[in-house]
Structure formats: structure tokens, C-alpha cells
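The exercises that follow are meant to be worked with the sequence and the coordinates open side by side. Each task is followed by a solution that proceeds in steps.

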Amino acid sequence: MAEEINNALVKVSEQRVERIKLHERISHTINALGFLLAAGTGLVLFYKGLKRLSGGTRSRQLHRVGAALMIAAPFFVWGKDWQGWKKTWREITYFSKEDREFLKRAPMYMLGFPAKMPLQGKFNAGQKMNFLMVTFNAAGFVVTGGLLMLRRHLPEKAFPYLIIAHDIQAVIGICGFMAHAYLALLHPDTRASFRAIIDGTVPLEYAMGHHALWYEDEVKNNNNP
Amino acid sequence: MCKGNKISLLEVNENFLYTFAIMGQYAKLIDISKCVGCRACEVACKEWNETGTDNPADHPFGYQSHEDLTYRTWNVVKFYELGSKKNNLFTKKTDQPITKTTDLECDKDKFVAQYETLLGPEPSNLFVESETPETEEIKYSVWKVTEFFEQNSNITNPSEIPRWMFRKHGCMHCTDAACIKACPVDALTRNDQLGYVRLNVTTCTGCGYCVDACPFDVPKLDAGAIWGFGKVSKCRLCSDRIQHDKQPACVQSCPPNALEFGLRDEMIKLGQSRIADLKDRGYKEAYLYGEKELGGLNVLTVLPSKPEDFDLPPEPKVPEYLTTWKKVVQPLGALAIAGTALMLGFSFVNSLLQGSNKGDKH
């Protein structure tokens, strides 16, 4: 009897639910590669200790490749499933009472202290913040980066503002990226979700624990494997 | 011999020959009052440095060979029309081109008389109808000169006479160089022993920050740098020549000795004597540019009038944003990134500790 229950529990713990669709994963991967490329090559011009890695003009060419990848990334989502994007965007931009509570407790949770977090939907408030940060930073990068490329046609006074804005954005982006990567790869509570970005699934247990409202609303009825 | 002096491997080759012979910084003296605008320096520079030629289509006809320095042109003789603006000799030329001498409302006999007093006997073909536009232009200029002196017979100050002046424009090799401060990869460095700003082309990334920073607008990017192809270039004061006891190519080539090269102290003395001479001759605003600007330039310029007349900033400065950007924003940014990394490291360790304290929860 005990063995049967144990087996059933193992079965439950092995169950996985789909969380991220293929085109979203492709988009995310391309965005991540582009970001790493652009951030790495950008840091060469940011921090003098890395000057030997510049490789002449190579770093600047790769910086543009990175930018192109990041610009191309969202089109995989927009082109494949515009309605899905609209739904996601609506969710991302809506912060409920629980979300605000979540954000208050998030720092302690990030730092590894035990914290009781409010119930969350498909995206928790931290993920929403990250999503918004990435979106607006990307738009800002397109503007400042594009204008920096065209700065020979702009008034001379524009350059300082553009380059300083671009640098500040880069710092925000890199810090955000590090926190995001830490939660996905290292944080003991959340690293279970890393496979979601590889094959799109999270353990059923994880979905119930970390995204309870999403599980109740959608997974339980439609998506149960 | 050079105890305490750190000389990197890259510099050894450059400094070796001069280890025994260095007597002080060198400088180039450009004497605008002597320059005839022949542009031999431009040609000599291109020839020695093998910079190649620009596409002529990018540089339409004008008095200057190029409007400005380019990636392949490290010095340009810039042409300036100075003197009384009202009687500018050449304004008419750009406003409406003269096609025939007869278009000018002038008395032919008077014109010929003026011409002869200025330039000798009148050539017999002066008023032949079938002439090229160029000779017409020359005649028009002569006519304007005669007219000018007729109207202003009481001129005493030579700087009021409309005239061409020529300034060889190129890198000033500043002591307090903005380009060096802007360069993110230290491709631009200064050789303080000999006194020039060198450019390491291998290290250069072509980012163009030096182009934005330079108060003299000297460094130029190769075409295509916008896409990450092509680097910056500028004058190197012929460092390869001066290390072998030769003068820079431009100085070597100058026919009227408007360019001089030697120890900076001597060049300052020579320049000051030229200034004194010019002042004696009525050029009250004569000025030795580069003696004190930006901590001292290693290219000194004898100016017969104000620096502004020759497109030179009267008080060149290292742009202020460089300090904000490089000394405030970037260190704070690096600090933020390092701080985030440290905090995440702490979080990881802390979460492991908390996990082991909690026992089997989760």
C-alpha cells in the first residue's frame, strides 16, 4: 500500500505541464544570445580592463549582430501568435493586489530568506517586472543605439546624452539579466523552471506551487497531460 | 639608464633609438604668414604615409583640395579669405558667375591702366571675346582689386586688405589630449618624450569616440565605420621619420619654409620672433597658437590674426561630458554590476544555508 502511494506520488512529481510554447522559446533564445553578444562586446568599450578582448573592429561588428538578433527576436512571437502576445501583454501590464504584495516580499525571497509569497498567475510580479524592463530597455536601446549610429548627422550636443543613456541602459540590462539568470539557474526554489525554456515544460508540482492561480484557471482543465 | 621608467614591449622599439639622444619634446611650427597654399605638404604626407587618394567625386571643385580632413588625408591646407568683409574679393564669384569681361560695368581704358600699374603691360588679348571662364575670373579679380584700392586708398593696416590666407590643418598633438581620454581601449596614447599622440591601429576599434571628443575635429573614421568596419586615422607627426632623425614629410616638402620642425623650446622662440616681426608690420592681433593651449600643443601655429579667423577654437577644451561619462557614469555602472553580482552570490550562499537550517522542508 505504502509503495503504491509512493509510486503515485512519484508519478505526480514526474508529471510536467507545458508552460512556454515553441515560438516563444525560440524568441527567448535568440533574444538571450543577442543580449549576451551585445552586452559582452559592449563591455569591451565600457570597462578598460577588457580592452584586450576588443579584437579590433570585431567587437563592434558583433555588437551590431547582437542588436539585430534582439530586434528580430520579438517578431517570432508577433508573427506566429499575435493574439497570444496580446493576452500575454495584458497579463504583464496588470498588477493585482497580490502582485504588489509579492513585490514587497520579493527582495527577501531573492536574498534567500524564507518568505511566504502570495498566490500568483502565469507570470509572477517579478517576472512581469523583468518582462517590462526588457521590453522598455529594448525599445530604448533601439533609439539610443540607432541614433548613435547616425550621430554624424545629428548635432554634436546629442552625443553625450545618447552615449550616457546607452550606458545606463546597458547597466540596467546587465543587472536585470544577472538576477534573471540567477533565479533560473541557481536559486534553489525556482531553478526547477529552467527546463521550461529548453523543452517548454515545468513540473506539475512547480506549477501548482509557484503559479497556483494559473494552474487553477487554465492548466487543471485544459492543459492537463 | 632608464631605471624606474616603465617601458612596455611595444614602446621599446619606438624609444630605443632615442634613449640616448632625447633632448626634449619636438614640435612643428606652422607659419601662416609664410604659407603660399601650394599643398606640397598634403602630397608629401600622402606619399610618405601611403594613405592613398580619396574619391574625387566626394570632393567637388573648390579652392581647397578637400573641405576637411578625411580618413586618407591627414593634413589639408585650408583657404581663408580675410580682411574687410565688405570688399571681399571673391564674393561676387559665388553669387553670380561672370561669363564675360564686358559684363562688368567698368571703363575699359581705366581698367587697362589699373591692370598695367599692378601687373605690368597689358597682354594684347585681354579683351578677346573667345576666352575660357578661368581667365575671365582672373580678370574679374584683378578688376576688383583695382576697384578696392581705388575706393580705399587710405588703408594703413595690412590686415584690412582682403587676401587669401592658408592654414595647414591637422593633428595638434595636444599634451592634454581629449582623444586619449575618450579612447576606451587605449589605442591613442601620447609619447611624452618626443611629444606626439600616436594611434595604434591594431587596437583601434573604430568606435569614433575620439572623433566626437577632439576640439579640432581631427580624427576621421573610415567609410563603413557605422557598421563596425573601418577605423580611425590621423597624423602621427611622422613618428617613424623623426625617430630616424628626419623631419616630418610635410616639413621636408615645404617650399617657402612655412613649416619648421625641431625641439619645442626652439620652435617657440622662433614662433615668438615671427610674431614680433608680424606685429611690427602692422598685424596687431598676431598670436602664437599652441604655446599654452591644452597643456601645450606640439604643433604651433603663427597666426596673423585671431584664431577664430582660421576656424581654431580660441580656448580649446577637453569636452566636459568626458568627465561625467568616464569618471562618474561608467564607474558607477561598473559598481552597480559588481554590486548585483556580489548580492546574488550572497543570495546563493544564504539560500543554501537557510535550506540546510530548514531541514527537509521543500
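**Exercise 1. Find what covers the buried residues of α6(A), and describe how α6(A) packs against α7(A).**

Solution. In this predicted model, the cover over the buried residues of α6(A) includes α3, α4 (82-93), α5 (97-110) and α7 of chain A. The residues being covered are A:Ala125, A:Gly126, A:Lys128, A:Ala138, A:Phe141, A:Thr144 and A:Gly145.

The next step is to check the helix itself: α6(A) runs over residues 125-149, and its 25 residues reach 35 Å from the first C-alpha to the last, close to the 36 Å expected at 1.5 Å a residue.

For the packing, two quantities are needed, since two packed helices are described by the angle between their axes and the distance between the axes. For α6(A) and α7(A) the angle is about 150° and the axes are 9 Å apart. Angles over 145 degrees count as roughly antiparallel, and α6(A) and α7(A) are therefore roughly antiparallel to each other. The crossing in which α6(A) passes α7(A) is left-handed.

The contact can then be read off residue by residue. On the α6(A) side, the residues that make it include A:Asn130, A:Met133, A:Asn137, A:Phe141, A:Thr144 and A:Gly145, while among those on the α7(A) side are A:Leu162, A:Ile163, A:His166, A:Gln169, A:Gly173 and A:His180.

**Exercise 2. Check the span of α7(A), list its buried residues, and determine what α7(A) gives to the side of chain A that touches chain B.**

Solution. Begin with the span: the 28 residues of α7(A) should cover 40 Å at 1.5 Å a residue, and the end C-alpha atoms are 40 Å apart, which agrees. Next, the buried residues of α7(A) are A:Phe159, A:Ile163, A:Ala170, A:Gly173, A:Ile174, A:Ala179, A:Tyr182 and A:Leu183.

Finally, turn to the contact between the chains, which takes 35 residues from chain A and 33 residues from chain B. On the side of chain A that touches chain B, α2, α3 and α7 (158-185) each supply at least two residues, and α7(A) gives the most, with 12 residues.

**Exercise 3. Decide how α2(A) and α3(A) are oriented relative to each other.**

Solution. Helix α2 of chain A covers residues 22-46 and helix α3 of chain A covers residues 58-80; they pack at an angle of about 160°, with their axes 7 Å apart. That angle makes α2(A) roughly antiparallel to α3(A). To complete the description, the crossing of α2(A) and α3(A) is left-handed.

**Exercise 4. Work out which side of α10(B) is buried and what covers the buried residues.**

Solution. Helix α10 of chain B, residues 264-280, has 17 residues and reaches 24 Å between its first and last C-alpha, close to the 24 Å expected at 1.5 Å a residue. Its buried residues are B:Arg264, B:Met267, B:Gly271, B:Arg274, B:Ile275 and B:Leu278. Because they cover an arc of only 105° around the axis, these residues lie on the same side of α10(B).

On the other side of α10(B), the exposed residues are B:Asp265, B:Lys269, B:Ser273, B:Ala276 and B:Asp280. The cover over the buried residues includes the chain B strands β1 (26-31), β8 (259-263), β9 (287-289) and β10 (299-303). Just after α10(B), B:Gly282 takes a positive phi of about 110°.

**Exercise 5. Place A:Tyr109 in its surroundings.**

Solution. A:Tyr109 belongs to helix α5 of chain A. Since 20 or more other C-beta atoms within 10 Å make a residue buried, A:Tyr109 is buried, with 20 such atoms. Apart from its neighbours within four places in sequence, A:Tyr109 is in contact with A:Ala115 and A:Met117. By contrast with these contacts, the C-alpha atoms of A:Tyr109 and A:Arg90, 19 residues apart along the chain, are separated by 26 Å.

**Exercise 6. Summarise the make-up of each chain.**

Solution. Chain A has 9 helices and 2 strands, in the order α-β-α-α-α-α-α-α-β-α-α along the sequence, and its C-alpha trace spans about 75 × 40 × 35 Å along its principal axes. Of its 225 residues, 24% count as buried. Chain B has 11 helices and 10 strands, and buried residues make up 32% of its 362 residues.

Conventions:
Residues are numbered from 1 along each chain as its sequence is written. Chains are lettered from A and ligands numbered from 1 in the order in which they are written. This is a predicted model: local features need pLDDT of at least 70, side-chain atom pairs count only at pLDDT 80 or more; totals for chains, interfaces and linings use all residues. Helices (H or I, at least four residues) and strands (E, at least two) are DSSP runs, numbered from the N terminus. The expected span of a helix is 1.5 Å times one less than its number of residues. A residue is buried if 20 or more other C-beta atoms lie within 10 Å of its own, exposed if 12 or fewer, and partly exposed in between; C-beta atoms are placed from the backbone. The arc is that of the directions from the helix axis to the C-beta atoms. Two residues are in contact if their C-beta atoms, placed from the backbone, lie within 7 Å. Axes are lines fitted to C-alpha atoms, for helices over the stretch in contact, and angles run from 0 to 180 degrees between N-to-C directions. Angles under 35 degrees count as roughly parallel, over 145 as roughly antiparallel, 65 to 115 as roughly perpendicular and the rest as oblique. A crossing is left-handed if the near helix is turned anticlockwise from the far one by less than a right angle, and right-handed if clockwise.
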